[in-house]
Amino acid sequence: MTQYLLPPTPLETLDEYLATETGGLGLARAQELGPEATIAVVRDSGLRGRGGGGFPTGRKWASVASGPAGTRYVVCNGAEGEPGTFKDRALMRANPYQLVEGILIAALAVRAGEVFIALKASFRTELERVTRAVQEMQTAGIASECSVTIVAGPEEYLFGEEKALLEVIEGRPPMPRLLPPYEHGLFATDITAGWESTDGTRSPNPTLVNNVETLSSVPHILARGAEWHRSMGTDASPGNVVCTVVGDVVAPDVGEIELGTPLGEVIDAVASGVGAGRRVKAVLPGVAAPVVTDLSIPVSYEGFEAAGSAMGAAGSIVLDDSACMVTVAHAMSRFLYVESCGQCPPCKLGSAEITTALEHIDAGDGDGADLDALEHWIARVTDGNRCYLAIQERLVVASILKTFRTEVEEHLTSGACPRPRPFVVPKLRDLSGGVAFYDERQATKQPDWTYS
Ligand SMILES: Cc1cc2nc3c(=O)[nH]c(=O)nc-3n(C[C@H](O)[C@H](O)[C@H](O)COP(=O)(O)O)c2cc1C
Ligand code: SF4
């Protein structure tokens, strides 16, 4: 397998990057081709967004490029807040240059003169690496006409949601706005959201938002061509992907694999599998998609879809046979409840009620009223949802309850948890050398985003 995203050792300088086989060639090729042909290469490569949704990148670029009037912007989403995911941070640490080159190619393609790179303020190493890469590249005259601003944002999970990301860049809290970035972009003065611009102009400023890994893939595609990218992976999921594997594994880590590799092989190759004498009971692709139990499924968009789930950001939270799935559902639900911003009442209220019912059942105090509350709120938590978080609550909780129905019944009939064992939602603070460090403050986070 050709590994092209994660170098064997981190690249420390621009000179080192330019000395690699393709360093700088992607941008040079895009400059030769011009915007339309650059977009055509990305479209033909079949690249799909690695931020979670898997939207075809070329199609997104084309819609921003041909969107309504106004100044166009490019935003790199480096907020990486999905539990069980560390791949964007690994990429920024190992090779920030390919990311900046990808951003500059995207700016050229959609004719944006200004770009923003948004990272959490707590990502100190990555902020330092990306800032230095931008400075080195601009000093070297690489697309120096494009203005690059690095934004250090808050810790909240919603910061990574693209409509909330734009709010943060504009100086507000991460509360998702109504319309998507291609319709209501950065610094828009459009009236479609129900408010009027102060100067009478109408400028929706279509904005392209792409994930770190998506943009890091772009220079390689421009340098080597769409066919090269299509020669790896599957028809519907070409190329490589950077996976994170954490949880009940021997050595949690990040690793680049070819899309289509079976999930079990990925868990073994990236994280050395589960402990001796244990077996995998379940895998959660973050907190955004239904649980899976079949390790033979291919790690690809269509592979996870066929299993009734979604690949998301290619993070795997592995649970072995000692895990209590009711405890896991409770912890996941609490995470989403706490992180919900409350702009849509059924999301905040519903996830609160679901969390309370799961807390009762998990503690062995559950009864029929808790099951009724779960049924009621799982059906309604998404009512009037402005963003996908409410859907995540439904998908994750409902899938665990359905797949592990007998574990729920065991709790109800025995009045206790049959597999008492703590479970912490793996919001990663660091991941290196086969050791994962979880953010312990998350357990004390309150639904109003303060910490107790
Ligand atoms: C609650 C929530 C959190 C998200 N967090 C992230 C994130 O941390 N990083 C990211 O790239 N995308 C995140 N996304 C997805 C983004 O909204 C968006 O789809 C993505 O950045 C688009 O880039 P792509 O097309 O390159 O995947 C999140 C979505 C939701 C609903
Ligand atoms: S769905 Fe939930 S998280 Fe998303 S905007 Fe509404 S309240 Fe906030």
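Which elements make a right-handed β-α-β unit? Select strand β2 (residues 114-120), helix α7 (residues 124-139) and strand β3, and you have that unit on the screen; a crossover is called right-handed if, with the strands pointing away from the viewer, the path from the first strand over the helix to the second runs clockwise. Helices (H or I, at least four residues) and strands (E, at least two) are DSSP runs, numbered from the N terminus.

Before going on, note that this is a predicted model, in which local features need pLDDT of at least 70 and side-chain atom pairs count only at pLDDT 80 or more, while totals for chains, interfaces and linings use all residues. Residues are numbered from 1 along each chain as its sequence is written, chains are lettered from A and ligands numbered from 1 in the order in which they are written, and side-chain values use heavy atoms, with hydrogens and water left out.

**Around strand β2**

Stay with β2 and show its surroundings: six of its seven residues are buried, so the strand is largely enclosed by the rest of the structure, where buried means under 20% relative accessible area with a 1.4 Å probe, protein chains only. Now add strand β1 (residues 73-78), which runs parallel to β2 and is joined to it by six bridges; two strands pair if DSSP finds at least two bridges between them. Within this pairing, Y73 has E114 of β2 as its bridge partner. Then add β3 (residues 147-153), which pairs with β2 in the parallel sense over seven bridges, and look for K120, which stands opposite G153 in β3.

**Helix α6 and its neighbours**

Next select helix α6 (residues 96-110) together with helix α2 (residues 25-33), whose axes lie 9 Å apart at an angle of about 10°; axes are lines fitted to C-alpha atoms, for helices over the stretch in contact, and angles run from 0 to 180 degrees between N-to-C directions. That makes α2 roughly parallel to α6, a description used for angles under 35 degrees. The residues in contact (heavy atoms within 4.5 Å) include L27 and A30 of α2 and L104 and L108 of α6.

Keep α6 and add helix α9 (residues 212-224), where the two axes come within 7 Å and cross at roughly 80°, which means that α6 is roughly perpendicular to α9, the term for 65 to 115 degrees.

**Strand β7**

Finally, select strand β7 (residues 280-284), where five of the five residues are buried. Strand β8 (residues 315-320) runs antiparallel to β7, with four bridges between them, and the bridge partner of L284 is I317 in β8.

Methods
Parallel < 35°, antiparallel > 145°, perpendicular 65-115°, else oblique. Buried < 20%, exposed > 50% of the residue type's maximum accessible area, 1.4 Å probe, protein only.
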